[in-house]
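Here's an informal walk through a structure, going from helix packing to sheets and then to a few backbone details. Have the viewer open and follow along.

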Amino acid sequence: MYIIYKVVILLKKVLITEPIPQAGIDLLKEHFDVTVNTSGHSMTKEEMIREFNKYDGIGTSLLNPIDYDVIESCPNVQIMANFAVGFNNIDIEAAVKRNLIVTNTPDVLSDTTAETAWALLFAVARRIVEADRYVRDGKWQKFSTNLFLGMDVFNKTLGIIGAGNIGRRFAEKARGYHMDILYYNRHRDFEFEKQYNAKYVAFDELLSNSDFVSIHVPLNEETRHLIGAEELALMKDNAILINTSRGPVVDEKALIKALQEKQLYGAGLDVFEDEPHVPEALLQMDNVVLLPHIGSSTKETRERMSLLVAHNLINVLEGKAPVTPVFK
Ligand code: GLV
């Protein structure tokens, strides 16, 4: 007589709150029972509080403000794996308090984000977007010696705020443009100086001496409105500000005023204070280039990010150490 045993393997459950590249989802499906929110709408706080505790791990996004209440509502969740290098959407203090592992996606997006900063820098300095619009609008009549006179990038002074992974990659790409590189960081970084021939200067000195200022810091209470009216006033009136970090690092109202008063040459912005809202005043300006937060948005990098999210979830839910924890 044969006895048939039905073996039910209880797979751990993972929720991915926003669609991420399939590579990460496919990998997760080899290990877990995976649910992806493909509804097209981001979960509200109430939905997160209602749903999260049904899962062992969550793949989160910048669109999910994971505050104290959300964290306290889901004791079953062992890990929040954020699909971003920045994790200002997560209350880290609350996560530490309740031993919730939080991971992010550093390194894999550094070059791509640095490239976005360079793309913005060139676009503003050489008036690329404005000139493109001019051609499309059928306004181009003939070659002209003074059409869209821009600003040279080579031989200028580059100011880098933040010498982390993205700041480093950004500095590295300046090679070939023969620029003087100034940097400001919370701590002096001798290796950065040596590697990129960069000079460590005081914050104010960087602002007043740079032709291009690019921001590469995380958003936290120390960096919120790091660049405000006073800092903008220090900048050269032909300087360009590039922000691919987080919108609230720059006081947007002060930036608009500085641009309106011609205190700056222009700005390249991938991030805004209240995304996806972009102030009308910025939309009206020709000397700014505005992107919809696409710093890390290449096919390759977003795929790498999805795999890193998956590896973090797999490691933690299978009892190993996370690959890229944001705190230890
Ligand atoms: C995107 O903004 C990120 O932090 O990865």
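Let's begin with a pair of helices in this predicted model. Helix α5 (residues 110-125) and helix α7 (residues 165-172) have axes that come within 8 Å and cross at roughly 55°. That angle makes α5 oblique to α7, and the crossing is right-handed. On the α5 side, the residues involved are Ser-110, Asp-111, Thr-113, Ala-114, Ala-117, Trp-118 and Leu-121, and they meet Asn-165, Ile-166, Arg-169, Phe-170 and Glu-172 of α7. Sorted by class, this contact has six nonpolar, three polar and three charged residues.

Now for another pair. Helix α1 (residues 22-29) and helix α13 (residues 299-317) have axes that come within 7 Å and cross at roughly 20°. These two are therefore roughly parallel to each other, since angles under 35 degrees count as such. The crossing of α1 and α13 is right-handed. From α1, the contact uses Ala-23, Gly-24, Leu-27 and Leu-28, while α13 brings Glu-303, Ser-306, Leu-307, Ala-310, His-311, Leu-313 and Ile-314. The class split for α1 with α13 is seven nonpolar, three polar and one charged.

Here are the two pairs side by side:

| Helix pair | Axes come within | Crossing angle, roughly |
|---|---|---|
| α5 and α7 | 8 Å | 55° |
| α1 and α13 | 7 Å | 20° |

On to the sheets. One is an open sheet of five strands in the order β2-β1-β3-β4-β5, with parallel pairing. Which strands stand at its edges? They are β2 (33-36) and β5 (101-103); each has a single partner strand, so one side of each is left without a neighbour in the sheet. Neighbouring strands here are turned by 15° against each other on average, ignoring direction. To zoom in on one pairing, strand β1 (residues 13-16) runs parallel to β2 and is joined to it by four bridges. Val-14 has Val-34 of β2 as its bridge partner. Helix α13 turns up again here: it packs on this sheet, where it touches β1, β3 (57-60), β4 (79-82) and β5, and its direction makes about 165° with that of β4.

There is also an open sheet of seven strands, ordered β8-β7-β6-β9-β10-β11-β12 and again with parallel pairing. Its edge strands, β8 (198-200) and β12 (288-290), each pair on one side only. The twist from one strand to the next averages 20°. Inside this sheet, strand β9 (residues 212-215) pairs with strand β10 (residues 240-243) in the parallel sense, over four bridges. Phe-212 finds its bridge partner in Ile-240 of β10. Helix α11 (residues 252-260) lies across β10, β11 (266-269) and β12, and it runs at about 145° to β11.

What about charge pairs? How many salt bridges does a search of the whole structure find? The count is 18. One to look up is between the side chains of Asp-67 and Lys-45, with 2.7 Å from N to O. This pair links distant parts of the chain: Asp-67 is in the loop between β3 and α3 (68-72), Lys-45 is in helix α2 (residues 45-51), and they are 22 residues apart.

Helix α2 also holds Glu-47. Leaving aside residues up to four places away in sequence, Glu-47 touches His-41, Ser-42 and Phe-52. Between Glu-47 and Gly-86 there are 23 Å in space, C-alpha to C-alpha, and the two are 39 residues apart in sequence.

Last, some backbone details. Most residues other than glycine have a negative phi, and most peptide bonds are trans. Where does a cis peptide bond sit? One joins Glu-275 and Pro-276, with omega about 5°. Pro-276 belongs to the loop between β11 and α12 (280-283). As for phi, Asp-107 is not a glycine, yet its value is positive, about 65°; this residue is in the loop between β5 and α5. His-293 likewise has a positive phi, near 50°, and lies in the loop between β12 and α13.

Terms used
Residues are numbered from 1 along each chain as its sequence is written. This is a predicted model: local features need pLDDT of at least 70, side-chain atom pairs count only at pLDDT 80 or more; totals for chains, interfaces and linings use all residues. Side-chain values use heavy atoms; hydrogens and water are left out. Axes are lines fitted to C-alpha atoms, for helices over the stretch in contact, and angles run from 0 to 180 degrees between N-to-C directions. Angles under 35 degrees count as roughly parallel, over 145 as roughly antiparallel, 65 to 115 as roughly perpendicular and the rest as oblique. A crossing is left-handed if the near helix is turned anticlockwise from the far one by less than a right angle, and right-handed if clockwise. Contact means heavy atoms within 4.5 Å. Ala, Val, Leu, Ile, Met, Phe, Trp, Tyr, Cys and Pro count as nonpolar, Asp, Glu, Lys and Arg as charged, and the others, Gly among them, as polar. Two strands pair if DSSP finds at least two bridges between them. A salt bridge is a side-chain nitrogen of Lys or Arg within 4 Å of a carboxyl oxygen of Asp or Glu.
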